[in-house]
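Q: Pick one stretch of this chain and walk me through it slowly, please. I'd like to hear what the side chains there are doing, and then how the surroundings fit in.

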Amino acid sequence: ANDLGETGMLTGNSTCTTLGDPSKGLLVPVSESSLVFQNNILTPIKSAYLYEESKLSFRYKSAALVKNPALEEKYYAFRAKRREVGYSEEDLKESYGFLLFDNVNKANDLGETGMLTGNSTCTTLGDPSKGVYISMYSDCLDLNRWYHGKSGYIAIIRLTKGRVKNVSENYTQNLTAPTAGFDCHVSEQLPSVSAKTSSFLAFERTQYYMYEMLNDESNGTAQSPVLLSFCNCIILIYGYQSNTCSIPREKSGEKTWPPVVKIDQAISMSDLRQLLPKAIFETGFSGEVFLDGLYCTLCEFVPCGAGETQSLALLLQEVKEKDLALTFSCMMVVFLSCCTLLISSHMM
């Protein structure tokens, strides 16, 4: 759904934006009322949703097309070189990728510097100091679930993945190195991702980890700090409006407020995941609560099989003893489930 045709991303001229400084000659404003905005910007970003609710929740405005002739020239040279060494047309097929920015300056810098290594917090598919992480889906751009009122900047990027290698997700300190003879890593768990997958698992499993060897004969010992497998991109302002956000309901002249959960302590999602036996337990999103100005995620941990209930009980005991998180446990017909309130480190 994210593949590009031969026509590329954008053509035409537009005149309205609040993004960037057009005097630099890098950002070309695109009017929200133009056909370019509707057909060439909204269409690719909306066709790359994983979650159905995203269709009703995201609002977009103020787009700018990044034009950098020097980076474009290097991109096409990169493709030509790969074609010369035997890359197939399938290897060179262009796609869209997506990046999230909270800061407009960082978003605009993308047009000047291109894609630089060392700017990602994700580490599961490869060392971020040697490559770049970019999302396949336009609504899987962060470990956290989207929340009502969130806003920022999304970059829609044209890219060439090259030769892709499926790799196991690595949660150790010994980070996976780029693979000689390939240009991109993707997760072996990618086929398991669906609209029912929790937001942080979907984020990790739908990443491209892209890198470029300085010398194809280097056996993976050197990587370029600037990736040439990316071309023109679009910077877009977004806003998120939750259609399930809890609001007071009036009945007989009185307001009825949602239930309140009192939380004394919390642990970041990344810290807790270091303690979880990932091969055994899968985490699913159950709901949200609001705590001290933060939207917190209520997660459910369920053992994969009946024989693993004891392992889950031991895990819960350790969580309680170390005072890592607030847990609730209930014995149901054939399985034990628990709900743990978690705050992602990205929101703290």
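**The loop between H3 and E3**

A: The Asp-91 side chain reaches over to the backbone nitrogen of Ser-88, with 3.1 Å between them. That's a good way into the stretch I'd pick, since Asp-91 is found in the loop that runs between helix H3 (69–84) and strand E3. Keep in mind that this is a predicted model.

Is Asp-91 buried or exposed? It counts as buried, because its relative accessibility is 19% and the cut-off for buried is under 20%. Look past its neighbours within four places in sequence, and Asp-91 is in contact with Thr-160, Lys-161, Gly-162 and Arg-163. Thr-160 belongs to strand E6, which covers residues 151–160, so hold on to that strand for later.

Now Tyr-87, which lies in that loop between H3 and E3 too. Tyr-87 counts as buried because its relative accessibility is 10%. What does the side chain of Tyr-87 make a polar contact with? The partner is the side chain of Asp-183, at 2.7 Å. Setting aside residues up to four places away in sequence, Tyr-87 touches Arg-82, Leu-92, Gly-162, Arg-163, Gly-181 and Asp-183. Gly-162 and Arg-163 turn up among the contacts of Asp-91 and again among those of Tyr-87. For a feel of the fold here, take Tyr-87 and Gly-162: they are 75 residues apart along the chain, yet their C-alpha atoms are separated by 7.7 Å. The chain as a whole has plenty of such long-range contacts: of those between residues at least 6 apart in sequence, 74% join residues at least 24 apart.

Step back along the chain and you get to H3 itself. Its 16 residues should span 22 Å at 1.5 Å a residue, and the end C-alpha atoms sit 23 Å apart, which agrees. The buried residues of H3 are Glu-72, Tyr-75, Phe-78, Arg-79 and Arg-82. Viewed down the helix axis, these buried residues fall within an arc of 120 degrees, so they line one face of H3. Pro-69, Glu-73 and Glu-84 are exposed on the other side of the helix. Arg-82, one of the buried set, is the H3 residue that Tyr-87 touches. Just after the helix comes Gly-86, with a positive phi of about 105 degrees.

Now go forward from the loop into E3, residues 94–101. E3 runs antiparallel to E6, and eight bridges join the two strands. Within that pairing, Leu-100 is opposite Ile-154 of E6. E6 is mostly covered, with nine of its 10 residues buried.

Next up the chain is helix H4, residues 104–113. Its N-terminal end is capped by Asn-103, which places a side-chain oxygen 2.7 Å from the backbone nitrogen of Asn-105. Ala-107, Asn-108, Leu-110 and Gly-111 are buried in H4. These four cover an arc of only 130 degrees around the axis, which puts them on the same side of H4. A glycine follows this helix too: Gly-114 comes after H4, and its phi is positive, near 80 degrees.

Speaking of positive phi, there's an odd one before H3. Most residues other than glycine have a negative phi. Ser-62 isn't a glycine, but it has a positive phi of about 50 degrees. Ser-62 sits in strand E2, residues 58–66, and it is buried, at 6% relative accessible area.

One more loop is worth setting beside the main one. Asn-170 lies between strand E7 (164–167) and strand E8 (184–187), and it counts as buried because its relative accessibility is 12%. Like Asp-91 with the backbone nitrogen of Ser-88, Asn-170 uses its side chain on the backbone: it reaches the backbone oxygen of Asn-174 at 2.7 Å. Not counting residues up to four places away in sequence, Asn-170 touches Thr-123, Thr-124, Leu-175 and Thr-176.

As for the backdrop, the protein chain has seven helices and 17 strands. Of its 348 residues, 48% are buried. The chain exposes about 18000 Å², and carbon and sulfur atoms supply 51% of that.

Definitions and conventions. Residues are numbered from 1 along each chain as its sequence is written. This is a predicted model: local features need pLDDT of at least 70, side-chain atom pairs count only at pLDDT 80 or more; totals for chains, interfaces and linings use all residues. Side-chain values use heavy atoms; hydrogens and water are left out. Buried means under 20% relative accessible area, exposed over 50%, partly exposed in between (1.4 Å probe, protein chains only). Two strands pair if DSSP finds at least two bridges between them. Contact means heavy atoms within 4.5 Å. Accessible areas come from the Shrake-Rupley method with a 1.4 Å probe; for residues, only the protein chains shown count as cover. A polar contact is a pair of N or O atoms within 3.5 Å; within protein, one must be able to donate a hydrogen and the other to accept it, and residues adjacent in sequence count only if both atoms are side-chain atoms. The expected span of a helix is 1.5 Å times one less than its number of residues. The arc is that of the directions from the helix axis to the C-beta atoms.
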